[in-house]
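Got the viewer open? Let's take a walk through this structure, one selection at a time.

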Amino acid sequence: MRKEDKNSLIESIAEIVKSYSHFYVVDIEGLNAEVTSKLRRECFGKDIKLVVVKNALMKKALEQFDTDFSELDPAFKGNTAVMFCNTGNVPAKLIKEFSKNNEKPVLKGAYVEQSIYVGAENLDALVAIKSKEELIGDIVALLQSPAKNVISALQSGANTIHGVLETLSKK
């Protein structure tokens, strides 16, 4: 491959990395065409971009960023596919669910929520990570809870006073 072609591939990979906030490095080697096609369909359905890359080109693309991705170097061995997504835990959930019926994909590493994870043993931790929207929803629910309790107490107190006053007026 000519140097110009490599440089254009590196630039296109860098653009993809730039347009997504999270990525997972996975091993899908050995999957037959039918299973690979099914995996790609599931990725498409969950807004995950699945790209098979050369390790050296991916490393070169990551070198263009201010973030130090050198911790992911052990993940770039053997055949590599990268799952790009804007929601941190969606690829982890897909990998876990898909691996129940297939031996692959296997997580090699991930960059999620400005943190780097290396190794398949981190899959459960990545599944448990909440997205920004989920965290905001939890915070809103926590903030609403005390207000709902106060309103409920005031309403029940008003009903009690109303009941007492009505009983007294009938006597």
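## Stop one: two packed helices

Keep in mind that you're looking at a predicted model. Start by selecting helix H1, residues 3-19, together with helix H3, residues 55-62: their axes sit 8 Å apart and the helices pack at an angle of about 60 degrees. That makes H1 and H3 oblique to each other. Turn the view around a little and you'll find that the crossing of H1 with H3 is right-handed.

Now show the side chains where the two meet. On the H1 side, pick Lys 6, Leu 9, Ile 10, Ile 13, Ala 14 and Val 17. On the H3 side, pick Leu 57, Met 58, Lys 60, Ala 61 and Leu 62. Colour them by class and the contact shows 9 nonpolar residues, 2 charged ones and no polar ones.

## Stop two: zoom out

Switch to a cartoon of the whole chain. How many helices and strands does it have? There are 6 helices and 5 strands. Trace them along the sequence and you'll read α-β-α-β-α-β-α-β-β-α-α.

If you colour by accessibility, buried residues account for 35% of the chain's 171 residues. It's also worth asking where the contacts reach. Take the contacts between residues at least 6 apart in sequence: 78% of them join residues at least 24 apart.

## Stop three: helix H4 and its cover

Select helix H4, residues 90-99. Which of its residues are buried? They are Val 90, Pro 91, Ala 92, Leu 94, Ile 95 and Phe 98. Now bring up what lies over them. The cover includes three strands to click through: E1 (22-27), E3 (80-85) and E4 (106-112). It also includes helix H2 (33-45) and helix H5 (123-128).

While H2 is on screen, pick out Lys 38, which belongs to that helix. Lys 38 counts as partly exposed, at 37% relative accessibility. Draw a distance from its C-alpha to that of Phe 98: the two residues are 60 apart along the chain, yet their C-alpha atoms are separated by 9.6 Å.

## Stop four: a lysine in strand E4

Next, go to Lys 108, found in strand E4. Is this lysine buried or exposed? Lys 108 counts as buried, because its relative accessibility is 14% and the cut-off for buried is under 20%.

Show what surrounds Lys 108, skipping its neighbours within four places in sequence. Its contacts include Val 25, Val 26 and Asp 27. Further along the chain, they also include Ala 75, Lys 77, Gly 78, Asn 79 and Thr 80. Val 118 and Gly 119 are in contact with Lys 108 too. For Val 118, try a C-alpha to C-alpha distance: it comes to 6.0 Å, with the two positions 10 residues apart in sequence numbering.

## Stop five: two cysteines

Select Cys 43 and Cys 85. Why is there no bond between them? The closest cysteine sulfur to that of Cys 43 is in Cys 85, and at 9.1 Å it is too far for a bond. A disulfide here would need the sulfur atoms within 2.5 Å, and the count comes to 0 disulfides. Check the surroundings as well: Cys 43 is buried at 1% relative accessibility, and Cys 85 is buried with a relative accessible area of 2%.

## Stop six: backbone details in the loops

Finish with the loops. In the one between H4 and E4 you'll find Pro 105. Look at the peptide bond joining Lys 104 and Pro 105: it is cis, with omega at about 5 degrees.

Move to the loop between H2 and strand E2 (49-53) and select Asp 47. Asp 47 isn't a glycine, but its phi is positive, at about 60 degrees. This residue is exposed, with a relative accessible area of 62%.

Your last selection is Glu 113, in the loop between E4 and strand E5 (115-118). Glu 113 isn't a glycine either, and it has a positive phi of about 50 degrees. At 33% relative accessibility, Glu 113 counts as partly exposed.

Note on methods: Residues are numbered from 1 along each chain as its sequence is written. This is a predicted model: local features need pLDDT of at least 70, side-chain atom pairs count only at pLDDT 80 or more; totals for chains, interfaces and linings use all residues. Side-chain values use heavy atoms; hydrogens and water are left out. Buried means under 20% relative accessible area, exposed over 50%, partly exposed in between (1.4 Å probe, protein chains only). Axes are lines fitted to C-alpha atoms, for helices over the stretch in contact, and angles run from 0 to 180 degrees between N-to-C directions. Helices (H or I, at least four residues) and strands (E, at least two) are DSSP runs, numbered from the N terminus. Angles under 35 degrees count as roughly parallel, over 145 as roughly antiparallel, 65 to 115 as roughly perpendicular and the rest as oblique. A crossing is left-handed if the near helix is turned anticlockwise from the far one by less than a right angle, and right-handed if clockwise. Contact means heavy atoms within 4.5 Å. Ala, Val, Leu, Ile, Met, Phe, Trp, Tyr, Cys and Pro count as nonpolar, Asp, Glu, Lys and Arg as charged, and the others, Gly among them, as polar.
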